[in-house]
Amino acid sequence: MKSLRVKKSKTNNFTFPKCLTGMQGLDEITTGGIPKNRPTLLLGNTGCGKTIMAMEFLVKGIELYDEPAVFMAFEETTEELLLNVKSINYNMEALLANKKIYIEHIHVNPDEFRKTGLYDLEGLFVRLDQAIKKVKAKRLVLDSLDTLFYGLDYRVLRSEFKRLLTWLKEKKVTAIITSEIGDTFLTRHGLEEYVADCVIALDNRVTNQITTRRLRIIKYRGSFHGNNEYPFTIDENGISVYPIISQAFEQESSSKRILSGVSELDEMLDKKGFYAGSSILISGTAGTGKTSLAASFAYSVCQAKKTCLFCAFEEAPNQIIRNMQSIGFHLDPMVESEMLTFYYSRPTLQNLELHFLAIKKIINDINPTVVILDPITNLMTEGPNSDIRSMLTRFADYLKTQNITVMFTAAITVGSIERNPSDEGISSMVDTWIMVQDIEVDAERTRSLCVMKSRGMVHSNEVRGFKISSKGISLFPIIIGKSSTSSLSKRSAKEHLNLSTSKDSNKMKETSR
């Protein structure tokens, strides 16, 4: 019997020289930062955050890597610049006093160049050289290119811009040069992007009356990088980029279990509950008990002395706490002991990515065992361009890399999947899918619960009754007698048939995997 030989690929030990920006998410997208000792072109329209991002690059370099910096401004004066960045927690006065950063404003008058017909950067090079030597700078920002080269002839602009880049490389400083985005080309003149080694474009767009800032790496000579658009935020802590890169390859599957908070449901799930670090979907129409099941799970987690983050997009935390008291879940002590943390925000305040950015920051602060999002359907945008599934998949992947169990609730039913096939994509991405719905039994409204799928475990196929009382949540077998069989409405019978058909279809999908 011949042995199977596996051909090993040759490893490349070369490491491209890079400079870490220190900005959350950006270093991940650029796989280690921007080119070291080379200039990077930062493009964008008015108000998209070019100056703030450039300043943060300098401040993070000083604070994290002890690399002094120079900020050369051609538009804002030094006083205006310092005032504008005060809203962000930069201690500029201390950095200036300790000679860690040098800021200078250079007034450029284009009329002088038009009168004389000459344009020479030698004066700028002298000023830059003096500034670099003053603080022994390793990082440099020029803000902005358009003011510096305004009104120049194309040929003069190309030669002078190449001179500037060559001079910066000779000085061995890692530089960011800001520029406005053009109408036809990336930049106003359409040539700077071809000369620069790295080009990053910022955008500030409005969709459904919600503004989102996005970042994209246009080019990066000599290095791999993320090719997609990535949302980013600017707040009092600076800039945070959300790298929507799936990290599924880093996931470690756990065999540990975590209880659902409903003993009968745990029994249906191989008598052990959910897998730790897995993703769970509780779906059903309004009033079927989705939030109650999620609260029961959160209550169980906190009782086990583990932390839980409950993200509410419909009811306010105080309302959830009040409502859950009526069914025996007293969440107040859990909040006071910091075992339970609420994140509450109206879906319309910001888009999906920015909600996830805010949630991710809380996750980094409290390191929860479980994260609950109730409900995700409130975050969904209408229309064919909705990216709810891809964003949720990436967010779930991120949580799995942190070994965090995530539970989603959603207003999804078999009927809604038939009308909107994209809903099935949400249910297919999770590890465990539990559906709750209303059925008619003996002419009475009865809540029912069914485990549609649960990857990696033997689970019950039974449709069970679902009762919410002052003592909590309990499940019971649904028994339909001969006399009551006729009382099942045609609608309920059809739902049961669709439910069974959908389960069989999902089983076939799981088997085919």
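**Exercise 1. Determine whether Lys 400 and Asp 431 are buried or exposed, and describe how the pair is connected.**

Solution. Step 1: both Lys 400 and Asp 431 are buried in this predicted model. The cut-off behind that label is a relative accessible area under 20%.

Step 2: a salt bridge joins the two side chains, with an N to O distance of 3.0 Å.

Step 3: Lys 400 belongs to helix H15 (residues 388–401), whereas Asp 431 sits in the loop between helix H17 (422–429) and strand E19 (432–441), so the salt bridge ties together parts that are 31 residues apart in sequence.

Step 4: elsewhere, Arg 38, Lys 169, Asp 197 and Arg 221 are joined into one network by salt bridges that share partners. The structure holds 15 salt bridges.

**Exercise 2. For the salt bridge between Glu 122 and Arg 163, state which elements are linked and classify the accessibility of Glu 122 and of Arg 163.**

Solution. Step 1: the side chains of Glu 122 and Arg 163 meet at 2.4 Å, N to O.

Step 2: Glu 122 lies in helix H6 (residues 122–135) and Arg 163 in helix H8 (residues 154–170); the two residues are 41 residues apart, and the pair links distant parts of the chain.

Step 3: partly exposed residues fall between the 20% and 50% cut-offs. Glu 122 has a relative accessibility of 41% and therefore counts as partly exposed. Arg 163, with a relative accessible area of 29%, is partly exposed.

**Exercise 3. Carry out the analysis for the salt bridge between Asp 235 and Lys 361.**

Solution. Step 1: the N to O distance between these side chains is 2.3 Å.

Step 2: the partners are 126 residues apart and link distant parts of the chain, with Asp 235 in strand E10 (residues 230–235) and Lys 361 in helix H14 (residues 352–366).

Step 3: Asp 235 is partly exposed because its relative accessibility is 22%. Lys 361 is partly exposed, with a relative accessible area of 22%.

**Exercise 4. Explain why strand E17 is described as largely enclosed, and identify its pairing partners.**

Solution. Step 1: strand E17 covers residues 370–374, and 5 of its 5 residues are buried, so the rest of the structure largely encloses this strand.

Step 2: in a regular strand, side chains alternate between the two faces of the sheet. In E17, Val 370, Ile 372 and Asp 374 point one way, Val 371 and Leu 373 point the other way, and all are buried.

Step 3: strand E15 (residues 308–312) runs parallel to E17 and is joined to E17 by 5 bridges. Phe 310 has Ile 372 of E17 as its bridge partner.

Step 4: E17 also pairs with strand E18 (residues 405–410), in the parallel sense, over 4 bridges. Here Ile 372 has Met 407 of E18 as its bridge partner.

**Exercise 5. Summarise the protein chain as a whole and indicate where the pLDDT is below 50.**

Solution. Step 1: the chain contains 19 helices and 22 strands. Of its 513 residues, 52% are buried.

Step 2: among contacts with a separation of 6 or more, 70% come from residues 24 or more positions apart. The exposed area is about 25,400 Å², of which carbon and sulfur atoms supply 50%.

Step 3: the average pLDDT is 80, and 77% of the residues score at least 70. Over residues 482–497 the pLDDT is below 50, and this stretch has 16 contacts beyond near neighbours in sequence. Residues 184–189 stay under 50 and have 22 contacts beyond four places in sequence.

Step 4: where pLDDT is low, the predicted coordinates should not be read in detail.

Terms used. Residues numbered from 1 in each chain as written. Heavy atoms only, no water. pLDDT = per-residue confidence, 0-100. Contact = heavy atoms within 4.5 Å. Buried < 20%, exposed > 50% of the residue type's maximum accessible area, 1.4 Å probe, protein only. Pairing = 2+ DSSP bridges. Areas by Shrake-Rupley, 256 points an atom, 1.4 Å probe, with all protein chains shown as cover. Salt bridge = Lys/Arg side-chain N within 4 Å of Asp/Glu carboxyl O.
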